[in-house]
Amino acid sequence: MTDFLVLQNVKKTYGDLVALDSINLSVGEGEFISFLGPSGCGKTTTLRMIGGFAEPSSGEIFFEGVDVAPVPPYKRDFVHTVFQDYALFPHMTVGENVGFGLRNSGLSKSDIERQAVAALETVGLGSRAKDRPNMLSGGQKQRVALARALVLRPKVLLLDEPLSALDAKLREEMQIELKRLHHKIGIAFVFVTHSQREAMVMSDRVVLMNQGRIVQEGRPEDLYSAPQSYFSANFIGNRSFVTGNISKHSGTGGSAKIGDYELDIDWVEPTLKDGDTAKIMLDPKSLTLSSDSGIRAKVLAHQFLGQSRRILLETEAGESLNLDVGVDGMQIPKVDEVVSLAAVGGSVRAFTPEGAQS
Ligand code: ATP
């Protein structure tokens with residue numbers, strides 16, 4: 001475990017509300033880590049406590065081995081925050097905005113200007129120092145906000161949904177740019193988002209949260225391929241779930257009955273026993289039409305996805321199921337046709353339905 005930035009048993013309550021429930025987490029030096037989760041799960045509260053804008057009700061936060069609880073935000077030199085709404089001063093130039101945090105640093109005016117331009121260059125806006133913020137696009141304003149934090153040379157940059165005000169295309173461009181910037185400057189980025197896609201494409205590690213707790217953390221590929229709970233599986237990835245009954249649980253795998261069909265399961269949540277009802281995760285790409293037995297479902301509609309076609313189905317139990325097929329290849333069943341589906345390859349996982357996201 002690294003001792004760079006460590007949260008130890010951090011709890012935050014507001015009256016009776018438990019916003020964060022004993023979080024334990026460590027962030028590595030230079031790591032890109034994302035807090036991901038639904039609204040109200042405690043992402044911003046965690047970020048605010050690292051930044052010093054909120055105090056833990058109990059627990060400790062250490063930076064490089066030192067408890068930072070007594071350090072107010074303006075003295076937490078190791079960390080700076082980029083907010084979603086940029087918070088730029090409209091009456092100042094872009095350069096003055098970026099240099100603002102250095103005004104009490106003892107540097108001369110010309111040194112501050114030089115450093116502000118250098119920070120703007122880092123984000124590709126070196127030529128815009130004399131402009132006013134209202135002359136910039138949303139993406140450019142966001143980059144100024146980044147430069148304003150970077151000029152203070154933090155070791156940890158906190159980013160609170162910094163891209164959510166941008167349109168979809170710009171958001172994607174900024175994701176790439178942030179990733180490149182992270183690579184270039186090599187400091188730790190702690191990023192808050194409720195977009196699973198954003199967390200997955202950008203982060204070294206994703207911390208998935210729900211109701212004030214860390215539900216699962218790991219590399220994006222591990223979270224995607226090995227969700228440990230129904231909540232994780234449902235939140236990450238585009239999967240379907242059918243309800244079945246565990247018919248065998250041996251080792252980590254087993255099988256489940258869905259109607260008359262017995263489906264092999266690669267991983268069964270350890271708490272599930274034979275006969276228990278389970279939510280079974282099925283990847284749209286791991287299903288195929290079967291002329292033999294299978295999960296019986298009726299075709300509701302087709303969607304053209306470019307390189308594949310998605311077939312939207314409903315099982316006999318009324319659950320939605322998606323099947324992806326190549327554009328040419330497998331014969332495509334017609335709308336209203338009832339088909340049998342078998343699982344081939346992919347990862348079929350069974351979860352206890354409790355804790356299901358509402
Ligand atoms: P979102 O994605 O909507 O920003 P979040 O995961 O960042 O959500 P938080 O802002 O951390 O969630 O809030 C966690 C919980 O704490 C919520 O139930 C919220 O209403 C509550 N909360 C946050 N700040 C305060 C406060 N200052 N006073 C009272 N309750 C608060």
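Domain bounds, as used here, come from an automatic or database domain assignment. On that basis, the protein in this predicted model is divided into domain 1, residues 3-230, and domain 2, which joins 238-286 with 293-351. Welcome to a short tour: we start with the two domains, move on to the ligand, and finish with the strands.

**The two domains**
- Taken over C-alpha atoms, the centres of domain 1 and domain 2 are separated by 39 Å.
- Where the domains meet, seven residues of domain 1 are in contact with ten residues of domain 2.

**Around the ligand**
- The residues that surround the ligand are Tyr 14, Leu 17, Ala 19, Pro 38, Ser 39, Gly 40, Cys 41, Gly 42, Lys 43, Thr 44, Thr 45 and Glu 161.
- Sorted by character, this shell has five nonpolar, five polar and two charged residues.
- Two elements, strand E2 (17-27) and helix H1 (43-51), each supply at least two residues of the shell.
- Helix H1 gives the largest share, with three residues.
- Polar backbone atoms take part here: one of Gly 40 is 2.7 Å from an oxygen atom of the ligand, and one of Cys 41 is 3.0 Å from a ligand oxygen atom.
- Lys 43 takes part through its side chain, where a polar atom lies 2.8 Å from an oxygen atom of the ligand.
- On its own the ligand exposes 630 Å², and the protein buries 58% of that area.

**A hairpin of E1 and E2**
- Strand E2, which helps to surround the ligand, is joined by seven bridges to strand E1 (residues 5-14), and the two run antiparallel.
- One of the bridge pairs links Lys 12 with Leu 20 in E2.
- Together E1 and E2 form a hairpin with two residues between them.
- Gly 15, in the turn of this hairpin, has a positive phi of about 60°.

**A six-stranded sheet**
- Strands of a sheet pair through backbone hydrogen bonds, either parallel or antiparallel.
- Six strands of this protein form an open sheet with mixed pairing, in the order E13-E12-E11-E15-E21-E14.
- E13 (261-265) and E14 (267-268) stand at the edges and have a single partner strand each, so one side of each is left without a neighbour in the sheet.
- Within this sheet, strands E11 (residues 240-250) and E12 (residues 253-258) run antiparallel and are joined by five bridges.
- Among the bridge pairs there, Lys 248 is matched with Ser 255 in E12.

Methods
Residues are numbered from 1 along each chain as its sequence is written. This is a predicted model: local features need pLDDT of at least 70, side-chain atom pairs count only at pLDDT 80 or more; totals for chains, interfaces and linings use all residues. Side-chain values use heavy atoms; hydrogens and water are left out. Two strands pair if DSSP finds at least two bridges between them. Helices (H or I, at least four residues) and strands (E, at least two) are DSSP runs, numbered from the N terminus. A residue is near a molecule or strand if one of its heavy atoms lies within 4 Å of it. A polar contact is a pair of N or O atoms within 3.5 Å; within protein, one must be able to donate a hydrogen and the other to accept it, and residues adjacent in sequence count only if both atoms are side-chain atoms. Accessible areas come from the Shrake-Rupley method with a 1.4 Å probe; for residues, only the protein chains shown count as cover. Ala, Val, Leu, Ile, Met, Phe, Trp, Tyr, Cys and Pro count as nonpolar, Asp, Glu, Lys and Arg as charged, and the others, Gly among them, as polar. Contact means heavy atoms within 4.5 Å.
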